[in-house]
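Visitor: I'm new here, so please pick one spot and take me through it slowly. I'd like a close look at the empty space inside.

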Amino acid sequence: MPILLAVLRWGARMPLAALHFFGAGFGWLVYGLSPTYRRRCRENLQASGVCADAQTFRRTLHAAVGETGKGITELSKIWFGRDEEITRLVSCADWHVVEAAQRAGKGIIFLTPHLGCFEISAWYGAQRMPLTVLYRPPKRAGLEPLMKEGRARGRARLAPATLAGVRQLYKALRRGEAIGILPDQAPGVGEGVWADFFGRPAYTMTLVSRLQETSGAAVVMAFAERLPQGRGYVLHLSSVTDHPLDPVALNRAVEAVVRTCPAQYLWGYNRYKVPAGAKE
């Protein structure tokens with residue numbers, strides 16, 4: 001991993017526009033080389049119903065392929081770039097939503113779907129408050145130290161998607177702190193139920209509703225929109241008022257924010273997989 005770390009640190013010195021330029025090309029390379037990924041992108045976007053006609057579908061798919069690649073190459077900037085430089089890349093006019101949630105004193109559950117630059121959403125929050133973020137360790141164990149080094153910025157703490165990690169989330173909320181969760185990540189068997197997501201059954205986590213009911217925490221949806229030509233990001237924050245936020249309501253909330261910018265959703269993610277041992 002030393003070579004990969006060196007490459008990422010080198011990439012962090014590049015302008016964001018350059019990283020996004022190369023990232024768009026990388027996205028198309030992967031799309032062209034992987035029939036499985038290509039089929040999944042097309043099927044998931046087509047079945048979602050977010051495109052009104054064939055022309056809109058083609059335009060959205062074309063944009064989504066490039067945006068997915070940008071999400072890979074921009075990691076070097078977000079994980080290893082200088083804080084002052086990253087600060088200049090992000091604007092947010094919705095921070096009052098977080099301030100209102102903080103006043104309740106029961107903690108905050110940030111939901112960051114696979115939409116836009118979800119990595120920078122966590123970075124932005126951890127610069128301003130203690131933030132415990134749930135993450136799934138990579139399949140290649142050698143990548144985990146690299147991931148942890150890149151994500152543990154500011155006041156961020158990382159909690160693995162294990163029983164011990166979930167306990168970290170509960171403890172953070174009891175302290176009145178914030179936690180971050182990817183709400184559209186497919187959970188392991190026994191950790192979810194089947195609920196429609198864009199009209200198709202998807203195994204959906206129950207963790208969010210359990211955390212919400214136990215703590216009374218406020219729920220905030222966070223989406224960092226990627227601006228064209230490497231101009232940075234706009235962080236959109238909105239309060240989620242459904243209580244309890246059961247899996248059906250959770251998927252509905254994610255769908256709503258995805259519809260605001262479908263070209264930046266990770267349509268190639270295997271959202272509809274069946275976890276080993278789970279019954280449809």
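**A look inside the second largest cavity**

Guide: Let's go to the second largest cavity, with a volume of about 40 Å³. This is a predicted model, where local features need pLDDT of at least 70 and side-chain atom pairs count only at pLDDT 80 or more, while totals for chains, interfaces and linings use all residues. Residues are numbered from 1 along each chain as its sequence is written, and side-chain values use heavy atoms, leaving out hydrogens and water.

A cavity here is a set of points, on a 1 Å grid over the protein atoms alone, where a 1.4 Å probe fits but cannot get out; lining residues have an atom within 4 Å of a point. Grid points are joined across faces, edges and corners, and the volume is the space filled by probe spheres set on them.

So who lines it? Tyr37, Cys41, Leu61, Ala64, Val65, Thr68, Tyr265, Leu266, Trp267 and Gly268 do. Helices H3 (35-48) and H4 (54-73) each give at least two of them, a helix being a DSSP run of H or I with at least four residues. H4 has the largest share, with four residues.

By character, the lining splits into eight nonpolar, two polar and no charged. Ala, Val, Leu, Ile, Met, Phe, Trp, Tyr, Cys and Pro count as nonpolar, Asp, Glu, Lys and Arg as charged, and the others, Gly among them, as polar.

The count is two cavities of 30 Å³ or more. The largest holds about 50 Å³, and Tyr265, Leu266 and Trp267 are among the residues that line it.

Methods:
1 Å grid on protein atoms, 1.4 Å probe; cavity = no way out; pocket = protein on both sides within 12 Å on 5 of 7 lines; lining within 4 Å. Helix = DSSP H or I, 4+ residues; strand = E, 2+ residues; numbered from the N terminus.
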